Amino acid sequence: MSDFPSADEGTDRATAAARTVPRTVPLSRGLSTKLLLLTIVFVLLAEVLIFLPWIASYRMSWLKERLSTAAAVSIVLVQGEPASLSRAAQNDVLTAIGAKAIAVRDGGVSRLLVVAEMPPHVDEHIDIANVGLVEGMTSALDTLFFGGERMLRVFGPVGDSDKEFELIMPDYSLRNAMLIYSRNVAFVSLLISLFTAMLVYAAIDLIMIGPIRTMTRSMLAFSEAPDDPGRIIHPAARADEIGVAERELSQMQERLQKMLSEQKHLADLGLAVSKINHDMRNILASAQLMSDRLRQVKDPTVQAFAPKLLRALDRAVSYSEGVLSYGRTQEPPPSRRRLRLRQLVDDVHGLLDTEGGIEFVNAVDLAFEVDADSDQLFRVLTNLCRNAVQAMAADAESAVVRRLAVSAERVGSVSRITVTDTGPGLPPKARENLFAAFRGSARSGGTGLGLAIAYELIRAHGGTVELVESRGGRTTFAVTIPDEPVRLDQARNGLRRPA
């Protein structure tokens with residue numbers, strides 16, 4: 001017993017798996033929700049990157065403001081007498097600034113102006129005039145996350161003064177101000193993110209998500225009833241990628257619907273042929289029995305036509321028996337032999353109705369041979385010649401030349417058979433769908449199966465059928481059949497056999 005699943009089991013599993021896949025997408029997993037969340041996250045990330053220079057700038061501005069205030073107080077004290085200030089007044093000045101001491105450096109001499117209590121050590125020295133961007137962001141993050149209990153020495157020039165002012169202060173007030181600023185920035189950033197996300201969502205939903213949702217619904221509706229023309233999407237007049245996708249989807253659905261219609265037509269035709277096939281075989285068998293009795297008739301005319309009739313009936317019986325197998329799978333592989341092509345063309349001529357003034361010319365050389373399956377090549381030439389006869393017979397002009405010619409030539413190991421008629425030529429629609437069943441017919445009511453079958457049979461020989469020329473007064477088809485290549489293993493085995 002095989003461990004591999006059969007084709008039917010695989011199909012059933014695929015169908016069951018397809019049924020378990022949801023056909024609608026919930027809102028929480030839809031593109032709209034994902035787009036909204038991603039927009040909020042990306043805007044917040046952008047705000048975080050912008051926040052770093054902002055918080056560094058805020059920290060420096062806060063320190064510069066305190067140093068400017070201390071400079072103003074220092075100028076007043078320098079012009080007056082710092083010692084005249086009482087301890088309570090000094091404390092009030094320092095408390096208003098939030099500092100422990102104020103000093104001024106002038107001409108290389110540092111002078112302590114106001115001091116409440118001198119701290120035992122200073123944790124960080126900040127030169128206001130020489131703080132870079134990276135250093136400012138690093139120090140700002142350090143103060144924000146780890147500050148609050150540090151002592152700072154802030155110094156630098158203020159305005160156009162040539163003096164340098166110093167300020168010793170704790171950083172807890174700075175950290176509290178930075179936390180408040182960060183909270184406000186975070187709140188504003190969140191509002192900006194939501195507002196931006198809503199605008200981006202509305203724009204992209206209108207431009208992209210909405211049309212994609214429409215295409216998705218169209219595909220789901222089309223899959224439920226592909227034979228309904230109303231399920232085909234109507235593309236919008238857009239010149240962008242969405243417009244191209246909608247137009248391609250519409251064309252694909254139209255082609256698929258047409259193909260399904262043709263497949264249904266072919267299935268209905270196969271069913272009808274299958275019903276006829278049973279009775280047809282009985283009729284042909286009776287015709288064979290009657291034609292066998294014709295051989296006993298001594299009339300020379302009967303004796304001349306009886307073999308052709310028998311061969312035609314044999315082929316008809318063979319075709320009838322092969323109808324069902326053709327419908328189920330494909331044509332059997334060719335059984336190739338060396339054939340005298342001229343005799344085969346004469347047999348084709350015997351089945352054609354050329355009594356309406358149509359001249360048949362067999363221009364094949366008597367010695368010309370072709371490597372092919374006799375029955376399949378007969379069917380190919382019959383289809384090509386019958387199409388030519390029908391095209392010329394439809395012409396009502398009596399003075400028009402009606403001639404059908406079959407010729408052949410050999411180039412190396414390739415045989416090229418040419419079928420030429422003087423008919424009106426193929427219409428454009430037939431040329432566009434030349435070898436497509438039900439679409440390549442050149443006349444009203446035709447099925448186009450003749451050329452499709454001919455193409456399949458010759459392709460099985462490794463050859464081609466092509467339309468060489470088609471215009472008013474001349475239509476030429478060429479059938480190219482290469483000789484069957486000799487397999488080296490078979491040739492070697494043949495040489496090794498004893499005589």
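**Reading features in a predicted model**

Biologist: Over the ring of which residue does the charged end of R410 sit?

Modeller: The charged end of R410 sits over the ring of F368, 6.0 Å from the centre of that ring. Please keep in mind that this is a predicted model. A further case is R153, which lies over the face of F155 at 4.2 Å from the ring centre.

Biologist: How many aromatic pairs does the structure hold, and what describes such a pair?

Modeller: In general, two values describe a pair of aromatic rings: the distance of the centres and the angle of the planes. The structure holds one aromatic pair. Its members are Y58 and Y181, and they are stacked, with 4.3 Å from centre to centre and 5° between the planes. Planes under 30 degrees apart count as stacked.

Biologist: Which helices do Y58 and Y181 lie in?

Modeller: Y58 belongs to helix α2 (residues 31-79) and Y181 to helix α5 (residues 172-224), so the pair ties together parts that are 123 residues apart in sequence. Y58 is partly exposed, at a relative accessible area of 25%. Y181 is also partly exposed, at 22%.

Biologist: Helix α5 appears again with α4; at what angle do α4 and α5 pack?

Modeller: The general idea is that two packed helices are described by the angle between their axes and the distance between the axes. Here, helix α4 (residues 133-146) and α5 pack at an angle of about 95°, and their axes are 9 Å apart. The two helices are therefore roughly perpendicular to each other. On the α4 side, the contact is made by A140, T143, L144 and F145. On the α5 side, L174, R175, M178, L179 and S182 take part.

Biologist: Which residues of helix α8 are buried?

Modeller: One general point helps first: an α-helix has 3.6 residues a turn, so residues three or four places apart point the same way. In helix α8 (residues 341-351), the buried residues include L341, L344, V345, D347 and V348. They cover an arc of only 155° around the axis, which puts them on the same side of α8.

Biologist: Is N383 buried or exposed, and which residues does N383 touch?

Modeller: N383 is found in helix α9 (residues 374-393). Buried means under 20% relative accessible area, so N383, at 16%, counts as buried. Leaving aside residues up to four places away in sequence, N383 touches G450 and I453.

Biologist: What does the chain as a whole contain?

Modeller: The secondary structure comes to twelve helices and twelve strands. Of the 499 residues in the chain, 32% are buried. Among contacts between residues at least 6 apart in sequence, 68% join residues at least 24 apart.

Terms used. Residues numbered from 1 in each chain as written. Predicted model: local features only at pLDDT ≥ 70, side-chain atom pairs only at ≥ 80, totals over all residues. Heavy atoms only, no water. Phe/Tyr/Trp six-rings, centres within 6.5 Å; stacked < 30°, edge-to-face > 60°. Helix = DSSP H or I, 4+ residues; strand = E, 2+ residues; numbered from the N terminus. Buried < 20%, exposed > 50% of the residue type's maximum accessible area, 1.4 Å probe, protein only. Lys NZ or Arg CZ within 6 Å of the ring centre and 35° of its normal. Arc of directions from axis to C-beta. Axes fitted to C-alpha atoms, helices over the stretch in contact; angles between N-to-C directions. Parallel < 35°, antiparallel > 145°, perpendicular 65-115°, else oblique. Contact = heavy atoms within 4.5 Å.
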